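Visitor: I'd like to learn how to read burial and ring pairs in a model. Could you walk me through it?

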Amino acid sequence: MTTNNPTIIQGGMGVGVSGWRLARAVAQAGQLGVVSGTALPLVLARQLQLGDPDGDLARAAVRFPRPDVVERVWSAYFVPGGKPTDAPFKAVPMPSLHPSQAFLDLAVLAAFVEVALAKEGHAGPVGINLLEKIQTPTLPTLFGAMLAGVDYVLMGAGIPRAIPGVLDGLARGESVELKLDITGALETDDCQSRFDPRPYLGSAPPARPRFLPIISSATLALTLARKSNGRVDGFVVEGPLAGGHNAPPRGALTLTESGEPIYGPRDVPELPKIRDLGLPFWLAGSCADPGKLAEARAAGAAGVQVGTAFAFCEESGLLPDLKRKVCALSRSLGALKVRTDPRASPTGFPFKVLQLLGTLSDEVRVAARERICDLGYLRELYRKPDGSVGYRCAGEPVEDYVRKGGTVEDTQGRLCLCNGLMANIGLGQLRFGKAEDPLITAGDDVANLARFLPAGIDSYRAADVIRWLLGSPVVV
């Protein structure tokens, strides 16, 4: 790994949009390529059921230090030649407070394979992005990525104060713990997720990656820099124009007439205070422009993080038809719109939804979809009356959620992000012979994709984005 700070961080976009092919392309260009760590066990299991046609997964898995783990996972999910096209995907264990051995095997191996493939054939830096809100798979995912030599860990959607200490422990080959958020938990309840890396170790523990929390304020940067249980190596400072989950506005939530959150002066990060911490930082949110990069550097930043521009390039994991459609629409002024939806995500965080026909941005399609929670990555953990831990999701059937102590009001407007995001990358579940509808997230900058498109062509590559940012624009 290079010791210099990258100028460009390619944003971690889940599920599978920032897969290993995209991260590798960016890292080969000398910038920080980032794989999404979200739902990697599910991604690997479904890719194996498609038969691993190019042998990429098998090629990476050969390097995993425990062949018996690889054998167990392949035996459970691999379908030679791929499953029949009209057959649904096999179910995969859901993440939980006390995961099964089968889930741990799958999670560690999935992260290893994704990072190992991203790091093939070059010396550029590779990172992995996780969400603080998705806590149950975090420990095995981190360790699998570290076994493959991941250089950076990025994490947003929360306050990940415990992650630096977890990375330190895993780098020593020690068992680690992570306190999980459990609604209604008592002080005497055991809320710890535990992971022992020794069953997966090779000859020596892996190196500790750098840790970059994704933040939206100087206050949070200060808290993480001074109160984390280990070393923080820098920050990504993300504004509300970025895709995916956004931090909610500070203070009371106020909505526009169209129902979108209103961000104000309090939501503008105080960059001088972040700069004074003496750690490198990168700005994110509609930053795919040479002028924005220059502004970031003038403010003391090491560079920028860019997501949306990479999300629709040839190497991203989005279905090719979706990418071509969005790229073509970007040539028409006003054809692409993004809604910051305060209700879509079961996490409660505002979530950016690209308004595109044929996707779950269409209320008719949402109403026609039968609510189901069968993947479970955004489930909320809660304390049941008997003291045990239960699981619920505001996107599951309303009667189930209410029976588990939730409110009807909290289910209104919620979408199934897990199934929708899997459909984006061609891994949507089949229900009654039809695949789940996609649900595309993008930042406001999606309207400017045409800047990367050569004349008469509705596609571009990751290298084109990097050249544009560094001052060598694509000829259009």
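Visitor: Is Phe 112 buried or exposed?

Guide: Buried means under 20% relative accessible area, exposed over 50%, partly exposed in between (1.4 Å probe, protein chains only). Phe 112 has 5% relative accessibility, so it counts as buried. Bear in mind that this is a predicted model, where local features need pLDDT of at least 70, side-chain atom pairs count only at pLDDT 80 or more, and totals for chains, interfaces and linings use all residues. Residues are numbered from 1 along each chain as its sequence is written, and side-chain values use heavy atoms, leaving out hydrogens and water.

Visitor: Which aromatic pair does Phe 112 form?

Guide: Rings of Phe, Tyr and Trp (its six-membered ring) pair if their centres lie within 6.5 Å; planes under 30 degrees apart count as stacked, over 60 as edge-to-face and the rest as tilted. The whole structure has five such pairs. In one of them, Phe 112 meets Phe 64 edge-to-face, at 5.1 Å centre to centre with 80° between the planes. Phe 112 sits in helix α5 and Phe 64 in the loop between α3 (56–61) and α4, 48 residues apart. Helices here are DSSP runs (H or I, at least four residues), and strands are too (E, at least two), numbered from the N terminus. Phe 64 is buried as well, at 3%.

Visitor: And how are the planes of Phe 452 and Tyr 460 arranged?

Guide: Their planes are at 35° and the centres 5.2 Å apart, so that pair is tilted. Phe 452 is buried at 1% relative accessibility, and Tyr 460 is buried with 1% too.
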